[in-house]
Structures are given as structure tokens and as C-alpha cells.
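Please open the model in your viewer and keep the sequence panel beside it, since this tour moves from one selection to the next.

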Amino acid sequence: MALDPSFVGRSYPPSSVYEVGREKIREFAEAIGDPNPVYVDADAAKALGHPDVIAPPTFPFAISYKAAGVVVRDPELGLDYSRVVHGDQKFSYRRPVRAGDRLTVTSTIDTIKSLAGNDVIEIRGEIHDESGEHVVTAMTKLVARAAEPDDADVSGSDKRGDA
């Protein structure tokens, strides 16, 4: 069933506050294999004009994807998450995410398309700090794969009708 394009433009309430910690930044940088010292050393970050360590550019994915869950779980939208694959991710920064930031994400459905029977939905996550400053916009594209014709057959019998 195709997603309803009238949902385009629908915004959801802001997420709960996510407090960015130095250890989370370090763990993320380590997980992606990025040894840049500004992610783990406050002095290195301060030498470049930052007040504390900063997060790698893809760090907001963890925050924005979790916040996009409110869209994914919207029963009125009817997205079948069991068929969803991650299609694309983009970020547009005003400033780096820093240790100590207290961030919220407001998710909005930007586009809904149907391509070859697949539903493609793009969710924009506007990430702000506690003072209301816009920090980064995260664009997440999800693809709900079309159901295969035999997906409806859950009886366990094969195509010939034999058990």
C-alpha cells in the first residue's frame, strides 16, 4: 500500500533532550575509525576555536534517526518498517555538535514518493540546542521495499499447493 502523500509537511513534536557527552563522541569516533584529535582532546579542539571536543560530522545520525522513530511509528502513516532500508543521509551544518550540547530534534516529512512500487520517504530532522540555536539539519531517506507477490502466502505450502 502506497504511503499517503498528504503527510508531506507534517511535523512531529520535538524529541526529548539528548545531552552530548565527551565519551559518546569518543566512542562514535572510535567506531567509525576517525582518529581526529578534536573528537577526543579538548585542548586540540580549543586550539581550533571550539569550546570543547566536537563530534564527527555523521554523529547527528544517532540523534536524528532515533527522533525519526516518531514518524516511522505513526500508525496513520502506515509505514511497514519490516520492509524499510536506509536509503540516504545528508547533513547541513550551522556549527559543529559539541560536548555539552543539549539537543532536540523536530522531525518533518519532506517528501513521499512511490518508485517501482517502493515507498520512499524523506524525513528532515531540525536539530537545535537548548537556547534554540539551529545546529544542524539531518535528511534521512528511507525506502520501504515493495511486497513480493508471494509475501502474502504465509501458509507454508509451496507454489504447487503441495505441503
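Which residue in β5 does Ile127 stand opposite? Select Ile127 and look across to β5, where Val136 is the residue that stands opposite. What you are looking at is a predicted model, in which local features need pLDDT of at least 70 and side-chain atom pairs count only at pLDDT 80 or more, while totals for chains, interfaces and linings use all residues. Residues are numbered from 1 along each chain as its sequence is written, and side-chain values use heavy atoms, with hydrogens and water left out.

**The whole chain**

Show the protein chain as a cartoon, and you should find four helices and five strands, where helices (H or I, at least four residues) and strands (E, at least two) are DSSP runs numbered from the N terminus. Followed from the N terminus, these elements come in the order β-α-α-α-α-β-β-β-β. Along the principal axes, the C-alpha atoms fill a box of roughly 70 × 35 × 25 Å. The radius of gyration of the chain is 20 Å, whereas a compact globule of 163 residues would have one near 15 Å; this quantity is taken over C-alpha atoms, and the globule rule is 2.2 Å times the number of residues to the power 0.38.

**The sheet**

Next, select the five strands, which form an open, antiparallel sheet in the order β1-β3-β4-β5-β2; two strands pair if DSSP finds at least two bridges between them. At the edges are β1 and β2 (84-93), each of which pairs on one side only. Starting from β1 (residues 18-19), you can find two bridges that join this strand to β3 in the antiparallel sense, and here Glu19 stands opposite Arg102. Moving on to β4 (residues 118-129), you will see that β3 and β4 pair over twelve bridges, with Ser114 having Asp119 as its bridge partner. The hairpin of these two strands has two residues between them, and Ala116 takes a positive phi near 50° there. On the way to β5, ten antiparallel bridges link β4 and β5.

**The helix across the sheet**

Now add α3, which lies across β1, β2, β3, β4 and β5 and runs at about 125° to β2; axes are lines fitted to C-alpha atoms, for helices over the stretch in contact, and angles run from 0 to 180 degrees between N-to-C directions. Within α3, colour Pro60, Ile63, Ser64 and Ala67, which are buried, meaning under 20% relative accessible area (exposed is over 50%, partly exposed in between, with a 1.4 Å probe and protein chains only). These residues are on the same side of α3 because they cover an arc of only 90° around the axis, the arc being that of the directions from the helix axis to the C-beta atoms.

**The cores**

Finally, display the side chains of Val20, Ile25, Tyr39, Phe59, Val97 and Leu103, which have the most contacts inside the largest nonpolar core, a set of 21 residues. A nonpolar core is a set of buried Ala, Val, Leu, Ile, Met, Phe, Trp, Tyr and Cys residues joined through side-chain atoms within 4.5 Å. Two or more residues of this core come from each of α1 (22-32), α2 (42-47), α3 (60-67), β3 (102-115) and β5 (134-144), and α1 gives the largest share, three residues. Centre on Leu103 and, leaving aside neighbours within four places in sequence, look for its contacts (heavy atoms within 4.5 Å), which include Val20, Ile63, Val97, Ile127 and Val135. As a last stop, select Phe7, Leu77, Ile121 and Ile123, which are included in a second, separate core of 15 residues.
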